[in-house]
Structure formats: structure tokens, C-alpha cells
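Me: I've got this model open and I'd like a close look at one part of it, the charged pairs that hold on to each other. Could you walk me through them, and then through whatever else is worth a look?

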Amino acid sequence: MQHYLAIDQGTSGTKAIVVDEVGRLVSIAEVGVRAEYLPGGGVEQDPEALYDSVVSAGRQALAQAGVGVSAVAIANQGETVLAWDRDTGNPLTPAVVWQDRRAESICAGLSASAEAVAQRTGLVLDPYFSAPKMSWIRANLTTAGVVTTTDTWLVHRLCGAFVTDASTASRSLLLGLDSVEWDEELLELFGLADEQLPEIVGSDEIVGSTDAFGPSIPVAGLIVDQQAALLAESCLTPGDAKCTFGTGAFLLAQLGGNPARSTTGLTTSVAWRLRGRTSYCVDGQVYTAASAVRWAVDLGLVPAADQIDTVAADSSDGVLCVPALAGLAAPWWDSAATASFSGMTLSSGRGQLVRALLEGIAAQVAALADLVATDLGQPLTRLRVDGGLTQSAVLMQAQADLARIPVDVYPSQHATALGAATCARLALDPDADTMEAISDWTPQHTYEPVWTDDRAAEYLSRWQRAAESVLAQRETTST
């Protein structure tokens with residue numbers, strides 16, 4: 001039986017798993033990584049620490065498994081970028097994380113081109129995506145070397161290839177969504193026309209071999225993290241949707257072969273390119289989910305993240321939270337938005353605040369689900385979920401209540417890595433069917449809505465007004 005090493009290089013840590021060919025977990029290892037939050041919206045990571053975490057986690061997982069593996073697959077953060085020396089592989093800058101907002105001025109300077117960029121890329125002109133951060137690095141840090149997303153650098157360090165996969169490339173603002181190729185006009189727009197760009201490959205391709213983990217093995221199965229989870233959760237039919245509750249919350253819905261542009265402020269990306277065919281997805285982002293919980297822990301509202309349900313009151317008693325601790329993403333796209341609590345009285349305690357925080361996260365995701373339904377032309381019928389925060393029954397029940405659909409909890413905390421492993425299996429077996437390569441699963445738990453439609457609608461109406469007041473306050477204070 002074949003086994004695969006799958007690595008999920010994330011914002012807060014790197015996870016490595018060894019799975020067999022039917023998706024059974026053999027071993028797991030995790031190595032934490034830290035981000036440095038800087039004044040002015042900067043968020044950086046040490047590239048060498050990222051690479052060391054990949055190698056360390058992979059070696060630990062292999063040592064625990066005690067079996068040989070046929071390939072190593074890698075899922076990546078998506079929009080985190082750095083400059084590096086292609087000859088030596090040495091980083092020339094910190095890794096500028098997807099949460100970093102310092103390229104806001106670059107986007108503002110290109111605002112006249114926002115509509116054209118959206119039509120070409122399916123994305124919104126925002127510092128969240130790769131190209132503005134790449135331009136910012138060139139303007140502020142260095143003009144040397146190459147500037148790419150972290151996946152290209154990690155793979156180059158592992159096997160010498162200079163590649164990125166189609167799903168990661170589609171998060172850059174540099175890819176023509178219809179052609180799935182680098183767009184010369186976009187490169188010119190962002191001042192990156194002279195850059196060396198990696199080859200765009202499918203997620204089911206072997207791109208090289210590495211001995212970083214022991215005996216040489218193929219490097220195969222490259223995919224961006226959220227799309228990897230979409231694949232693992234069997235979202236193959238248009239309208240199938242999942243939300244990953246990690247550092248942020250990311251809702252993606254399958255579009256199939258139709259790269260339809262969102263009309264609601266969401267984004268359209270490549271889901272994956274498998275078997276030579278490109279699938280697309282529409283997606284929306286919540287910048288702070290688990291990071292909002294960590295903020296509550298740091299503030300002393302909650303003793304530890306795994307105790308959040310214990311602290312949360314049975315009701316928020318009218319308290320509302322807009323957890324925009326790093327701005328608001330879709331559909332507002334306001335990086336200057338700030339978080340708010342409202343509706344508090346002298347009787348409001350930390351239990352009500354914590355409940356409101358969780359309900360605020362769920363409300364943002366529910367808003368995204370409504371917008372996805374509008375783009376699809378049909379309501380979502382259920383939502384598949386994964387990520388660490390799915391362990392919070394309070395949050396998951398709130399999600400079902402506010403989105404008004406059943407919420408199916410994926411039975412593994414390793415959806416992203418399992419999706420990458422699926423890509424590796426497809427790379428090594430060209431005759432394998434995509435659906436057959438995905439591990440069978442049944443929900444660990446399904447949360448059904450218990451709120452009435454009227455109660456949910458009333459809550460979401462109040463919450464939307466609270467979100468709009470955050471934007472209005474920002475506009476008022478800036479004039």
C-alpha cells in the first residue's frame with residue numbers, strides 16, 4: 001500500500017501528516033510558527049523558520065509513521081510573498097503575510113483600474129492578494145532576486161523547481177482567470193513586468209524530487225490551502241460549499257468549469273487544475289476567526305481557546321460584536337475598519353462578550369453564504385466546515401442558526417493536508433478518478449438550525465447595521 005507525506009504550511013504552524021492511499025491517517029506532527037505584527041498593518045514571518053518547520057514537521061511525521069512514502073505534497077498560505085535569491089535559495093526579505101496591509105497605498109494608486117483588474121482576475125484590488133505586496137517589497141525592501149509566493153520558494157528549496165500551481169497563481173492579481181496564464185498587462189500595471197515568474201503547473205503534477213526528509217521522493221501535489229480543503233471535503237459539484245475556520249474564516253463554493261465573476265463583492269479563483277481541466281470557485285473571507293479568539297484570550301476574556309464554550313453565556317443579551325480586528329474583507333473590502341462591541345449595559349459580563357464575539361464571526365460567514373447564493377443563483381443547502389474552531393459547539397450552532405442551513409463538521413482537523421495528499425495520489429496515478437481519490441467521509445456532527453427565521457433575520461439586520469456603523473465611523477473620522 002502506498003503512503004504519502006502531506007504538508008500544510010499555514011500562518012500559525014506547519015502540519016505534516018502521513019496517510020495511506022485510502023486516506024487513513026498514520027501519523028501527524030505539528031511545528032508552530034509565529035507572525036510578527038508591526039505598526040502600520042505589517043505582518044511578517046521569518047522565511048527560514050517556515051522552511052525549517054516544513055522539514056522538521058515532515059521528518060517527525062515520517063519517524064512516527066515508520067513507513068516509506070511515495071511522494072510529498074504541499075499546501076500553502078496562498079498570498080504570502082517574499083523576495084529571494086534564485087541562485088542560492090536564500091531569502092532576501094521577511095515573508096510578508098497575507099494579512100499584511102502595508103500595500104494599501106499601492107492599491108489606492110491603482111483604484112482607477114479596479115474594475116478592469118476585477119474582470120481580468122476575478123479578484124478585488126486589495127492588499128490581501130499577492131501582487132500589491134510584491135510591488136510593495138520592490139518599492140520598499142529590495143529590487144534584488146525574484147519575488148514570489150512562499151510556495152515557489154519552499155518548493156525551490158526542496159527540489160530546485162521554479163513553479164507555482166494554478167490555484168495559488170489565481171490569488172495573485174497577476175493571472176488571467178480565463179486563460180490561466182500570467183497577464184502581461186497586469187504585470188505592467190503592478191510594475192512587475194520585468195520579474196521572473198514561476199511556471200504555472202497543475203495540482204496533479206510531479207515537479208521534482210527531494211531528499212530533505214530522507215530518501216529521495218517525488219514532490220507532487222501543490223495547491224493553495226483553502227482549495228485543498230474544498231477538495232478534501234468533496235466539493236466537486238457546482239454549489240457545494242465549505243468554510244474553514246482557521247486564523248481567518250474562508251468560505252468557498254464550487255463553480256465547476258465556469259469562471260463566473262461575482263456580482264456581490266466576492267472573488268472568483270481557480271479551485272484547482274486536475275487532469276488538464278480547470279475548476280473554479282467563488283469565495284469570501286473573514287480576516288479574523290481563530291485570531292479573534294486568541295485576541296480574547298490575550299485580553300483575559302477567556303482563559304484558553306479550548307475553554308471558549310465554557311465562558312460563553314447562553315445568550316449575548318443584546319450585545320453585538322463586529323470582529324473586524326484586521327479590517328473587513330468581502331464584501332466591504334475595508335482594511336481600515338475596526339472591531340466593535342455594541343449593545344452593552346452594566347449587566348453585560350464577559351460571558352455575553354464572548355458569546356457576541358462568536359456570533360459575530362458566524363454572522364460574517366452567514367453574510368458571505370447569502371452572497372454566494374446570490375452569485376450561484378440558488379441558495380446553499382448545507383455548509384461543510386473544518387478547522388480548529390469547529391470544536392466550538394457554540395460557534396457551530398450559531399453558524400447553523402444564522403446561515404439557516406445544516407452545518408456538517410468534517411471529521412478530521414487535517415482537511416487541508418488531506419486535500420494535498422489527494423493531489424499527490426492523482427499525480428502518481430494518472431488513471432485515477434478524482435472522486436475516487438478523495439477519502440470517503442461522513443460528518444463528525446451536523447448542527448441543524450434551531451432559531452426561527454424571524455429571529456435570525458432580526459439578528460442579522462442588527463448585526464449588518466453594526467457593521468455599517470464601523471464603516472461609517474471610519475469614514476467620519478477620516479474627513
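Reply: Let's start with Glu-48 and Arg-157, whose side chains meet in a salt bridge at 3.2 Å, N to O. Keep in mind that this is a predicted model. The pair links distant parts of the chain: Glu-48 belongs to helix 1 (residues 47-65), Arg-157 belongs to helix 5 (residues 150-159), and the two positions lie 109 residues apart in the count along the sequence. Buried or exposed, or somewhere in between, for Glu-48? Glu-48 has 26% relative accessibility, so it counts as partly exposed. Arg-157 comes out at 25%, which also makes it partly exposed. The general idea behind such pairs is simple: side chains of opposite charge can pair when their charged atoms come close.

How many of these are there in the whole structure? The search turns up 17 salt bridges, so let me pick out a few others.

Glu-195 and Arg-138 form one of them, with the closest N and O atoms 2.7 Å apart. Glu-195 sits in the loop between helix 7 (184-189) and strand 13 (199-201), while Arg-138 is in helix 4, so this salt bridge ties together parts that are 57 residues apart in sequence. Here both partners, Glu-195 and Arg-138, are buried.

Glu-104 and Arg-101 give you another salt bridge, at 3.8 Å, N to O. The two ends of this one have their own settings: Glu-104 is partly exposed at 32% relative accessibility, whereas Arg-101 is buried, with a relative accessible area of 11%. The cut-off for buried is under 20%, and that is why Arg-101 gets the label. There is also a network of salt bridges, which links Glu-44, Asp-100 and Arg-102.

Helix 4 comes up again when you turn to empty space inside the protein. The search of the whole structure finds 1 cavity of 30 Å³ or more, and the volume of the largest cavity is about 90 Å³. Its lining has 13 residues, and those nearest the centre are Met-134, Thr-148, Thr-149, Ser-172 and Trp-182. Helix 4 (130-140), strand 9 (146-149) and helix 6 (166-169) each put at least two residues into that lining. Which element gives the most to the lining of the largest cavity? Strand 9 does, with 3 residues. As for chemistry, the cavity lining splits into 7 nonpolar and 6 polar residues, with no charged ones.

Now set that beside the second largest pocket, which holds about 210 Å³ of space. It is lined by 16 residues, and the closest to its centre are Ser-315, Ser-316, Glu-359, Trp-451 and Arg-455. Helix 11 (350-376), helix 12 (393-403) and helix 15 (453-477) each contribute at least two residues to the lining. In this pocket, 8 lining residues are charged, with 4 polar and 4 nonpolar besides.

Helix 11 also takes us to helix 9 (residues 290-299). In helix 9, Ala-290, Ser-291, Ala-292, Val-293 and Ala-296 are buried, and what covers the buried residues includes helix 10 (308-311) and helix 11. Just after helix 9 comes Gly-300, with a positive phi near 90°.

Two of those buried residues, Ala-290 and Ser-291, are touched by Gly-246, along with Ala-289, leaving aside residues up to four places away in sequence. Gly-246 itself is in the loop between strand 16 (241-245) and strand 17 (249-256). With a relative accessible area of 23%, Gly-246 is partly exposed. If you want a distance to check on screen, Gly-246 and Tyr-128 are 16 Å apart in space, C-alpha to C-alpha, and 118 residues apart in sequence.

Finally, a word on how the record divides the chain. An unreviewed UniProt entry places "domain: Carbohydrate kinase FGGY N-terminal" at residues 4-231. That span is 31% helix and 29% strand, and its end C-alpha atoms are 16 Å apart. The UniProt feature "domain: Carbohydrate kinase FGGY C-terminal", also from an unreviewed entry, is placed at residues 241-427. For residues 241-427 the figures are 35% helix and 24% strand, with 25 Å between the end C-alpha atoms.

Methods:
Residues are numbered from 1 along each chain as its sequence is written. This is a predicted model: local features need pLDDT of at least 70, side-chain atom pairs count only at pLDDT 80 or more; totals for chains, interfaces and linings use all residues. Side-chain values use heavy atoms; hydrogens and water are left out. On a 1 Å grid over the protein atoms alone, a cavity is a set of points where a 1.4 Å probe fits but cannot get out, and a pocket is an open set with protein on both sides within 12 Å along at least five of seven lines; lining residues have an atom within 4 Å of a point. Grid points are joined across faces, edges and corners, and a volume is the space filled by probe spheres set on the points. Helices (H or I, at least four residues) and strands (E, at least two) are DSSP runs, numbered from the N terminus. Ala, Val, Leu, Ile, Met, Phe, Trp, Tyr, Cys and Pro count as nonpolar, Asp, Glu, Lys and Arg as charged, and the others, Gly among them, as polar. A salt bridge is a side-chain nitrogen of Lys or Arg within 4 Å of a carboxyl oxygen of Asp or Glu. Buried means under 20% relative accessible area, exposed over 50%, partly exposed in between (1.4 Å probe, protein chains only). UniProt positions are given in the numbering used here, feature names are shortened, and annotations may be inferred rather than shown by experiment. Contact means heavy atoms within 4.5 Å.
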